[in-house]
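Here's a walk through the fold, one piece at a time. Keep the viewer open and turn the model as you read.

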Amino acid sequence: MKRDDQTGLAFGGNKARKLEFIMGDVLEQGADSIVTWAGVQSNWCRQVAAGAARAGKRAVLVLLKRPGLPASEDGNLLIDRVFQADVRIQETSGEKGFLEYENVEEWVGPVLREEEAAGRKPYLAPIGGSIVEGSMGGPFGAFGYVLAFAELLEQAGALGFKPKSVVLATGSAGTQAGLLAGAKLLSPETRVVGISVAGTGPDISRLVEGITQAVLDEIGDGEKVDLDEIVVFDEYLGEGYGILNQGIVETIGLVAGTEGVLLDPVYTGKAMAGFLDLAGKGLFDDEDVVFLHTGGTPALFPYREGLLDGIRT
Ligand SMILES: Cc1ncc(COP(=O)(O)O)c(C=O)c1O
């Protein structure tokens with residue numbers, strides 16, 4: 001397991017590696033505030049709040065509240081408050097997923113105009129720091145995961161193996177795209193396997209394709225990525241983004257009880273449940289596999305009821 005839950009920015013997680021590059025862009029553009037959006041219990045927004053605080057910038061977080069998902073001032077939202085982020089809660093119907101980009105302009109546009117009216121230069125960062133949009137002029141978030149792939153390869157080499165597969169939770173797709181670009185450039189025989197927590201296989205694969213190609217265009221040597229090189233399993237999505245199920249609770253309990261490692265209820269618990277199921281079906285037979293722990297553990301707290309119910313049953 002590669003422990004990117006230990007990356008160190010406000011409880012860690014994959015966004016620290018993305019923000020290393022995105023904050024560079026924020027500084028270069030001379031922005032005063034970072035405006036972004038995601039769900040109420042967003043790990044991305046929590047780490048943006050931390051990164052902004054560290055760089056002396058304002059963070060303005062548009063947090064989408066969806067029926068059925070925890071919305072208490074707890075976990076990531078509590079930490080956003082501690083960082084004194086400017087939090088705007090937006091009620092949504094929850095009919096569409098976060099990745100369907102519904103109404104983003106309607107929600108984020110007024111915030112950007114408000115920042116400008118106050119004499120500030122806002123930087124609009126895309127959800128998860130993944131797709132190239134808003135103020136982010138390149139696949140900066142994914143760059144962090146090209147470097148992470150290089151680091152992983154080096155660490156595995158020091159332990160005497162070369163990973164045949166790297167398995168991770170995939171959502172806004174930047175992490176998988178960075179790893180895939182890294183694999184194409186440094187170790188083409190390594191397969192990057194995404195377990196979707198936020199959308200259908202074809203939808204996530206298209207996002208991965210776009211971001212991977214953007215990375216290769218910037219740092220590659222004319223390499224192309226093809227849709228059918230992208231591996232995304234969506235069978236473990238269950239009832240959808242952020243919805244806990246018994247399999248996730250049991251997986252969190254199993255990994256805690258056997259490895260002393262905490263997974264999270266939204267991303268890594270779901271991805272590990274999928275990984276173990278696929279392993280049981282023989283997908284990784286005789287392979288060296290690395291599971292990337294992408295973080296998310298602050299969300300354990302707002303999910304306490306579902307976790308406790310699941311553990312008791
Ligand atoms: C804990 C955790 N794991 C995995 C992911 C997925 O990363 P990405 O959005 O780059 O696909 C995220 C963020 O969305 C996350 O917060």
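How many of the residues of S6 are buried? The count is 6 of 6, so to speak a full house, which leaves the strand mostly covered. Bear in mind that this is a predicted model.

## A strand covered on both faces

Let's stay with S6 for a moment. Its side chains go two ways: Ser165, Val167 and Ala169 point to one side, while Val166, Leu168 and Thr170 point to the other, and all of them are buried.

S6 also has partners to its left and right, so to find them, look at strands S7 and S9 in the sheet order S1-S9-S6-S7-S8. With S7 (residues 191-196), S6 (residues 165-170) pairs in the parallel sense over 6 bridges. One pair to click on is Val166 and its bridge partner in S7, Val192. S9 runs parallel to S6 as well, and 3 bridges join the two. Here you can pick out Val167, whose bridge partner in S9 is Phe291.

## The five-stranded sheet

Zoom out and you'll see the whole open sheet: 5 strands in the order S1-S9-S6-S7-S8, with parallel pairing. Strand S1 (2-3) and strand S8 (231-233) each have a single partner strand, so they stand at the edges with one side left without a neighbour in the sheet. As a general point, strands of a sheet pair through backbone hydrogen bonds, either parallel or antiparallel.

Now for the helix on top of this sheet. Helix H6 (residues 174-186) lies across S6, S7, S8 and strand S9 (289-293). Its direction makes an angle of about 170° with S7. Taken together, S6, H6 and S7 form a β-α-β unit, and the unit is right-handed.

## The four-stranded sheet

There's another open sheet to look at, with 4 strands in the order S4-S3-S2-S5 and parallel pairing. Its edge strands are strand S4 (86-91) and strand S5 (122-124), each of which pairs on one side only. Neighbouring strands here are turned against each other by 25° on average, direction ignored.

Strand S3 (residues 58-65) and S4 run parallel and are joined by 6 bridges. In that pairing, Leu61 has Val87 of S4 as its bridge partner. Helix H3 (residues 75-82) packs on this sheet, where it touches S3 and S4, and its direction makes about 145° with that of S4.

## Two domains and what lies between them

How is the protein chain divided? Domain 1 covers 9-129 and domain 2 covers 140-312. Their C-alpha centres lie 23 Å apart.

The two domains do touch: 26 residues of domain 1 are in contact with 29 residues of domain 2. Between them they bury about 2,100 Å², with 63% of that on carbon and sulfur atoms. In general, the size of an interface is often given as the accessible area lost when the parts come together.

## A residue to finish on

Last stop: Asp309, which you'll find in helix H10 (residues 304-312). Asp309 counts as partly exposed because its relative accessibility is 46%, and the range for that class lies between 20% and 50%. For a sense of distance, try Glu116: its C-alpha atom is separated from that of Asp309 by 47 Å, and the two residues are 193 residues apart along the chain.

Definitions and conventions:
Residues numbered from 1 in each chain as written. Predicted model: local features only at pLDDT ≥ 70, side-chain atom pairs only at ≥ 80, totals over all residues. Heavy atoms only, no water. Pairing = 2+ DSSP bridges. Contact = heavy atoms within 4.5 Å. Axes fitted to C-alpha atoms, helices over the stretch in contact; angles between N-to-C directions. Buried < 20%, exposed > 50% of the residue type's maximum accessible area, 1.4 Å probe, protein only. Right-handed = clockwise from strand over helix to strand, strands pointing away. Domains from an automatic or database assignment. Buried area = accessible area lost by both parts, 1.4 Å probe.
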